[in-house]
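User: I should like to learn how to read charged side chains in a model such as this one. Please begin with the general idea and then turn to the case at hand.

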Amino acid sequence: MALADMRRPIESGCPDGFQYMHPVMIRNFGQWKFHDHPRPGVLRHVANSGETVWTVKAGTQRILDAFTLRKLCDIGDEYADGHVRFTIRSNIEYMVDDGAKVDPLIEALEAAGFVVGGTANSVAFISHTQGWLHCDIPGTDASGVVKAMMDELIDDFKNCNMPNRVHITTSCCQINCGGQGDIAINIQHTKPPKINHDLVANVCERPAVVARCPVAAIRPAQVNGKPSLEVDEKKCICCGACYPPCPPMQINDPEHSKLAIWVGGNHSNARSKPSFQKLVAAGIPNNPPRWPEATALVKRILKAYQSDAKDWERMNEWIDRIGWPRFFELTGLPFTKYHIDNWRGSRKSLNASTYIRF
Amino acid sequence: MSKQKHDTPMLDELENGPWPSFISGIKRLRDEHGDERVNGIANDLLGQLEHSYETRKGYWKGGTVSVYGYGGGIIPRFSEVGKQFPESKEFHTLRVQPPAGNHYSTDILRQLANSWEKWGSGLVTFHGQTGNIMFIGSTTENTQHFFDEINDYGFDLGGAGPCVRTAQSCVGAARCEQSCANEQKIHRALVNNFTDDVHRPALPYKFKFKISGCPNDCMNSIERADFAVIGTWRDEIKIDHDEAKSFVETKGRQYMIDNVITRCPTQCMTLKDDDSLEIDDRNCVKCMHCLNVMTKALSPGDDRGVSVLIGGKRTLKIGDLMGTVVVPFMKLDTDEDFEHLVELSENTIEFWAENALEHERCGEMIERIGLVNFLDGIGVDVDPNMISHPRESSYVRMDGWDDEAQKWFERKQEEKRSTLTAQAG
């Protein structure tokens with residue numbers, strides 16, 4: 001096609017949400033009075049006008065095929081009011097303006113295999129990255145890890161049996177697109193990249209790769225007479241930051257790319273300031289198709305939290321109260337030298353007091 | 001389907017169990033879809049994914065794909081094992097900006113599904129971690145056709161690469177009583193001011209806007225956004241005293257003390273002998289906890305606005321950073337207020353674009369040059385709300401002290417004057 005015939009894009013940016021919003025939400029925009037939680041998976045919001053909107057939340061497989069998307073739409077038309085939204089954790093929410101519609105809607109969703117829940121102090125749907133299905137640098141398949149794990153955590157999604165909400169995330173590399181969570185299951189590489197020196201000069205912008213390394217372990221070098229890059233393996237922290245800009249520096253390893261578990265990430269300002277997640281377990285095998293070792297550890301941590309935390313305590317607040325020694329005791333996880341931070345600012349993580357629980 | 005189906009013994013294991021299975025979904029596209037093109041893509045995609053499961057490695061590599069007139073918005077994916085799995089060998093993702101607040105009608109979702117089946121794989125995610133609708137799996141050529149079609153009915157690409165990225169906002173004022181802002185308006189005012197910087201990646205690295213209507217920060221903006229806008233208020237929490245009393249009656253005194261009073265981070269709440277609630281609002285830090293627990297009795301005050309925190313980001317390269325308070329409070333009532341916010345974002349991006357190293361996020365730049373230099377660059381005065389505590393090290397040259405102290409007193413006087421004028425007016 002000649003360039004002149006090409007269609008110019010309309011740079012409309014982010015669309016206006018009001019055109020798709022439920023009318024009761026438009027009418028009461030900014031005028032809501034309170035909400036309550038009639039049952040797991042359902043929220044009821046009441047406006048100053050007296051109007052009410054019920055929200056039914058359902059978990060899905062996140063990667064939706066067109067058939068599943070249409071089924072969700074069919075349910076929305078037959079049992080709800082034709083307006084939906086998606087949460088930040090990829091749950092679908094149906095809004096209805098009549099409480100009588102709630103039970104039939106839940107029945108229809110469950111009959112179609114969707115899972116109603118994910119509200120209040122439940123284990124929310126695991127927010128995750130793409131993995132082997134689509135990413136160019138993945139160490140694992142987050143979608144598969146999540147499916148296998150949600151099969152085991154489904155009752156905690158459908159019920160509200162936790163002290164407070166539990167947000168779980170997974171990431172397929174150490175960039176950690178999955179984000180911060182009460183529990184995070186992330187790839188942790190344990191060996192330096194394997195370099196294909198025949199390809200580096202042609203594929204990689206070498207100075208950019210050198211600059212990308214967080215610990216300055218990469219330098220330009222001639223290898224077998226070809227310009228390439230070499231890694232000081234004593235300095236290398238095996239983070240994989242060099243791999244995206246330089247694919248011949250393969251960081252993923254079928255055996256040595258492991259899973260690690262981090263806990264206590266909390267984005268909310270409620271009760272305490274937002275917090276980042278902390279390492280608790282590593283060396284977990286990256287074991288498709290169902291990653292049973294990772295799931296078992298997550299369940300063990302959840303069990304300790306559920307039985308020992310007080311109402312409203314998030315994972316980080318529970319551990320702040322009981323202390324890290326007790327956390328390792330309750331979960332039976334080993335405490336190792338790798339738990340002690342040595343990254344910049346790490347002294348702030350050391351105990352400079354006599355606050356010790358005996 | 002005429003072609004041989006790939007065996008997928010490992011993926012089949014992910015069809016077991018009660019949670020909905022994405023593998024079953026891809027198989028439906030392979031086995032039940034009316035278009036052979038879609039069947040073929042799904043079959044080879046499953047084949048490649050099974051290969052990944054067997055070898056524990058990924059087989060996609062990037063490249064350069066965009067639509068006419070733009071430089072980004074597509075995640076190009078070419079298969080490294082395309083000879084074995086030819087029908088999914090080009091499997092690009094289009095990042096499409098969702099409507100603010102992620103609202104959809106079933107009609108528009110169907111329309112998107114129809115377009116996507118025509119030009120793509122039929123696989124879609126609402127939404128990716130940045131907040132885009134992810135249309136997963138299209139050829140280079142069809143990427144353009146699909147974009148042309150959905151762009152005609154109001155959808156536009158999001159960001160990919162070193163550019164302003166798709167923004168996210170919570171449900172907010174549309175459904176939540178704790179919302180202190182018009183999240184959708186802020187969302188669109190900010191990101192749609194930068195469409196050029198969304199579509200044509202030319203910044204040092206990514207730049208993300210996220211908007212939460214209250215400090216519960218459901219969008220995780222402090223931890224994930226370069227520019228976080230969070231609704232808040234500065235007058236008193238509104239107490240419905242009858243509801244508060246009935247809460248104590250229903251839940252009990254002990255519950256009230258253990259779960260509300262003592263959970264306040266600044267101990268600014270008192271439960272009095274007659275079971276009435278008193279709040280020392282001067283010391284309330286708007287953490288939201290008591291409002292979350294007592295949704296009927298407590299609500300945000302009426303003098304609402306936003307706080308702006310700048311510089312949040314994930315691990316690469318210097319470690320995780322949270323955003324830092326740059327604007328403790330600003331009103332967002334008038335057009336002028338909104339212009340002020342947009343101007344702040346423009347100044348931030350402009351200063352960062354000029355001063356950041358390649359692949360350096362805004363927060364990393366601030367870490368490198370110090371908050372004061374950044375504030376200087378964007379024309380914002382220092383404020384004690386920006387810090388947890390003042391400096392602990394004496395290793396700093398302070399011969400400008402008198403001038404700086406003078407500036408502080410002058411600013412305080414100016415604030416006092418304008419408050420008095422406002423009260424008089």
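Analyst: Buried means under 20% relative accessible area, exposed over 50%, and partly exposed in between (1.4 Å probe, protein chains only). B:Glu346 has 32% relative accessibility and therefore counts as partly exposed. The model is predicted: local features need pLDDT of at least 70, side-chain atom pairs count only at pLDDT 80 or more, and totals for chains, interfaces and linings use all residues. Residues are numbered from 1 along each chain as its sequence is written, chains are lettered from A and ligands numbered from 1 in written order, and side-chain values use heavy atoms, without hydrogens and water.

User: How many salt bridges are there over all chains?

Analyst: A salt bridge is a side-chain nitrogen of Lys or Arg within 4 Å of a carboxyl oxygen of Asp or Glu. By this rule there are 50 over all chains.

User: Is A:Glu93, in its salt bridge with A:Arg85, buried or exposed?

Analyst: A:Glu93 is buried, at 2% relative accessible area, and A:Arg85 is buried as well, at 5%. Their closest N and O atoms are 3.0 Å apart. Both belong to a network of salt bridges that also links A:Lys57 and B:Arg175.

User: Which residue forms a salt bridge with A:Arg326?

Analyst: The partner is A:Glu329, with the closest N and O atoms 2.7 Å apart. A:Arg326 is partly exposed at 33%, whereas A:Glu329 is exposed at 56%.

User: What are the values for B:Asp35 and its partner B:Arg37?

Analyst: In this salt bridge the closest N and O atoms lie 3.8 Å apart. B:Asp35 is partly exposed at 27% relative accessibility, and B:Arg37 is partly exposed at 27%.
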